[in-house]
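The turns below go through a single chain, from burial to helix packing.

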Amino acid sequence: MIKLNGSLIDELKFYLIPLLLLFSFVTGWIVFYVIPQDHARAEIMECMGDRLWTEAVYDQCADMIQATRASP
């Protein structure tokens, strides 16, 4: 353990601030990247139906979903 020659509050600040920053970063990454990508993949798979093996169908579905998301 690192000696700060201070109080317990100083020691808590030393560990708590980086942990809070890390937690905030991970939460933001999940909310703003992982969840939207997961929804997009689910929409593409739903659009593809049983034709999951065809790359051309994937491209068509991805373009169609991207067009619907881009329009106001």
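Q: What percentage of the chain's residues count as buried?
A: The model is a predicted one. A residue counts as buried when its relative accessible area is under 20%. Of the 72 residues in the chain, the share that meets this is 11%.

Q: What share of the exposed area do carbon and sulfur atoms supply?
A: The chain exposes about 6,400 Å². Of that area, carbon and sulfur atoms supply 68%.

Q: How is α1 oriented relative to α2: roughly parallel, roughly perpendicular or oblique?
A: The chain has two helices and zero strands. Helix α1 (residues 8-48) packs with helix α2 (residues 55-70) at an angle of about 125°, the axes lying 9 Å apart. Roughly perpendicular covers 65 to 115 degrees and roughly antiparallel begins over 145, so α1 is oblique to α2.

Q: Which residues of α2 meet α1?
A: The α1 side of the contact consists of P36, H39, A40, E43, I44, C47 and M48. Residues of this contact divide into eleven nonpolar, one polar and two charged. On the α2 side are V57, Y58, C61, A62, M64, I65 and R69.

Methods
Residues numbered from 1 in each chain as written. Predicted model: local features only at pLDDT ≥ 70, side-chain atom pairs only at ≥ 80, totals over all residues. Heavy atoms only, no water. Axes fitted to C-alpha atoms, helices over the stretch in contact; angles between N-to-C directions. Helix = DSSP H or I, 4+ residues; strand = E, 2+ residues; numbered from the N terminus. Parallel < 35°, antiparallel > 145°, perpendicular 65-115°, else oblique. Contact = heavy atoms within 4.5 Å. Nonpolar A, V, L, I, M, F, W, Y, C, P; charged D, E, K, R; others polar. Buried < 20%, exposed > 50% of the residue type's maximum accessible area, 1.4 Å probe, protein only. Areas by Shrake-Rupley, 256 points an atom, 1.4 Å probe, with all protein chains shown as cover.
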